[in-house]
Amino acid sequence: MKKQFLIILTFGIIFLGFHFGLNQILAKGNMMITKLLKINAFVFGLTFLFFAMFNFLNKKKTKSPFLFLSLNFAKGLACLIFLFPIIKNYNSSELHYILHFFMVYFAYLFVEIYVLLKLKD
């Protein structure tokens, strides 16, 4: 369990640096650092909460195959709530923000799947 959290923390730090560097190089820094930090912190927090809930429910002998699916569905709803103010007041300049968000979300999702498949207890 500690190994899962260590991998997620390490990935989070590395990906934040990568995301910041990619924004500076490709997008010429058109997105504010605070927005990048906000996106990464939110998705990192969701991923951390996902693993905490997943491990807690697995210890309670809940071995349902729908556990991963239901937790990811809850994550998806949280992401929609997070993005709702931007989508509601959408203009073309906010497209970068939404694309950055989904890039981070899917990167963390791939790491989640990797960790769950490779590091089963």
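Is Ile 113 buried, exposed or partly exposed? Select Ile 113 in this predicted model: the residue is partly exposed, because its relative accessible area of 32% falls between the 20% limit for buried and the 50% limit for exposed. Ile 113 belongs to helix H4, which covers residues 95–118.

Next, add Phe 102, Phe 106, Phe 110 and Leu 117 to the selection. Together with Ile 113, these residues form a nonpolar surface patch of about 500 Å².

Now move to Glu 112 and show its side chain along with that of Lys 75. The two meet in a salt bridge, 2.3 Å from N to O. The structure holds one salt bridge. Glu 112 lies in helix H4 and Lys 75 in helix H3 (residues 66–88), so the pair ties together parts 37 residues apart in sequence. Glu 112 is buried, with a relative accessible area of 0%, and Lys 75 also counts as buried, at 3%.

For the interior, select Tyr 97, Phe 101 and Val 104. In the largest nonpolar core, which has 16 residues, these three touch the most other members. Helix H2 (33–59), H3 and H4 are the elements that each give two or more residues to this core, and H4 gives the most, with eight.

Apart from this core lies another one, of ten residues, including Ile 8, Phe 50, Phe 51 and Leu 67.

Finish by centring on Val 104 and displaying its contacts. Leaving aside residues up to four places away in sequence, Val 104 touches Phe 15, His 19, Ile 39, Asn 40 and Val 43.

Note on methods:
Residues are numbered from 1 along each chain as its sequence is written. This is a predicted model: local features need pLDDT of at least 70, side-chain atom pairs count only at pLDDT 80 or more; totals for chains, interfaces and linings use all residues. Side-chain values use heavy atoms; hydrogens and water are left out. Patches are made of residues with over 30% relative accessible area and no salt bridge: like charges are joined within 9 Å, nonpolar side chains (Val, Leu, Ile, Met, Phe, Trp, Tyr) within 5 Å. Accessible areas come from the Shrake-Rupley method with a 1.4 Å probe; for residues, only the protein chains shown count as cover. A salt bridge is a side-chain nitrogen of Lys or Arg within 4 Å of a carboxyl oxygen of Asp or Glu. Helices (H or I, at least four residues) and strands (E, at least two) are DSSP runs, numbered from the N terminus. Buried means under 20% relative accessible area, exposed over 50%, partly exposed in between (1.4 Å probe, protein chains only). A nonpolar core is a set of buried Ala, Val, Leu, Ile, Met, Phe, Trp, Tyr and Cys residues joined through side-chain atoms within 4.5 Å. Contact means heavy atoms within 4.5 Å.
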